[in-house]
Amino acid sequence: MQNGYVNASIYVALCSSLLVSGYVSDLVERKQIFSRTVLRKLFQSVALFGGAFFLGIIPLFGCNVVVIIALLNLSMITLGMTVGGESLIVVDIAPYYAGSIYGITNSFASLPGILAPLFVGLMLDQAEGNLMPSV
């Protein structure tokens, strides 16, 4: 049961960050603190470099579970800042078709998650000498 709470905390952190980052990005753009391009690059850079940093330092803490969970949550919080970055590019380019474009691109982006296990299974079966993939 504790594992469920840990997993949920990571997704709650991401969800919260997605909501807050979108609002903050919109607020900064309305107040014209940064240009739209600089704002997108700033949010995307913090999201990706922040997530990489927090995930990269996890091995330094060994088996300290509390710190590792905190770092995972921090990485998801920073990852949620992509809402102020690359996620809005589609809305900038085609505001009236953003939903359709997101649906199409996410469909194509989901294909590797479906096809990769099938491909690996096929490769492993061929490596063992079996030409028929197991289902």
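Is cysteine 15 buried, partly exposed or exposed? Select cysteine 15 in this predicted model: its relative accessibility is 43%, so the residue counts as partly exposed. Then select cysteine 63, which has a relative accessibility of 77% and therefore counts as exposed. A search for disulfides returns zero in the structure. A disulfide would need two cysteine sulfur atoms within 2.5 Å.

**Helix α1**

Select residues 2–30, which make up α1. With 29 residues at 1.5 Å each, α1 should span 42 Å, and its end C-alpha atoms are indeed 42 Å apart. Now colour the buried residues of this helix: Val6, Ile10, Ala13, Leu14, Ser17, Ser21, Ser25 and Val28. Show the surroundings of those residues, and the elements covering them include α2 and α3. Just past the end of α1, stop at glutamine 32, where phi is positive, at about 55°.

**Helix α2 and the aromatic pair**

Move on to α2, residues 36–56. Which aromatic residues form a pair? The structure holds one aromatic pair. Phenylalanine 53 and phenylalanine 54 form it, in an edge-to-face arrangement with 5.4 Å from centre to centre and 65° between the planes. Phenylalanine 53 has a relative accessible area of 48% and is partly exposed, whereas phenylalanine 54, at 17%, is buried.

Still in α2, select glutamine 44. Its relative accessible area is 15%, so glutamine 44 counts as buried. Display the side chain of glutamine 44 and follow it to the backbone nitrogen of glutamate 86, which it reaches at 2.7 Å. Leaving out residues up to four places away in sequence, glutamine 44 touches Thr82, Gly85 and Glu86.

**Helix α3 and the loop after it**

Select residues 65–79 for α3. Its 15 residues, at 1.5 Å a residue, should span 21 Å, and the distance between its end C-alpha atoms agrees at 21 Å. Within α3, the buried residues are Ile68, Leu71, Asn73, Ser75, Met76 and Thr78. Show what they pack against, and α1 and α2 appear.

Next, go to threonine 82, in the loop between α3 and α4, the latter being residues 89–93. Is threonine 82 buried or exposed? With a relative accessible area of 13%, threonine 82 is buried; the cut-off for buried is under 20%. Hide its neighbours within four places in sequence, and the contacts of threonine 82 are Gln44, Ala47 and Ser87. Gln44 is the α2 residue already visited. Now add serine 17 to the selection: this residue is 65 places from threonine 82 along the chain, and their C-alpha atoms are separated by 9.4 Å. Serine 17 was also among the buried residues of α1.

**Helix α5**

Finish with residues 98–127, helix α5. How far apart are the end C-alpha atoms of α5? They are 44 Å apart, in agreement with the 44 Å that 30 residues should span at 1.5 Å a residue. Zoom in on leucine 115, where α5 bends by about 30°. A proline follows within four residues of that point; select proline 117 to see it.

Notes: Residues numbered from 1 in each chain as written. Predicted model: local features only at pLDDT ≥ 70, side-chain atom pairs only at ≥ 80, totals over all residues. Heavy atoms only, no water. Buried < 20%, exposed > 50% of the residue type's maximum accessible area, 1.4 Å probe, protein only. Helix = DSSP H or I, 4+ residues; strand = E, 2+ residues; numbered from the N terminus. Expected span 1.5 Å × (residues − 1). Bend = angle between axes of the 7 residues up to and from the residue. Contact = heavy atoms within 4.5 Å. Phe/Tyr/Trp six-rings, centres within 6.5 Å; stacked < 30°, edge-to-face > 60°. Polar contact = N/O pair within 3.5 Å; in protein donor to acceptor, adjacent residues only side chain to side chain.
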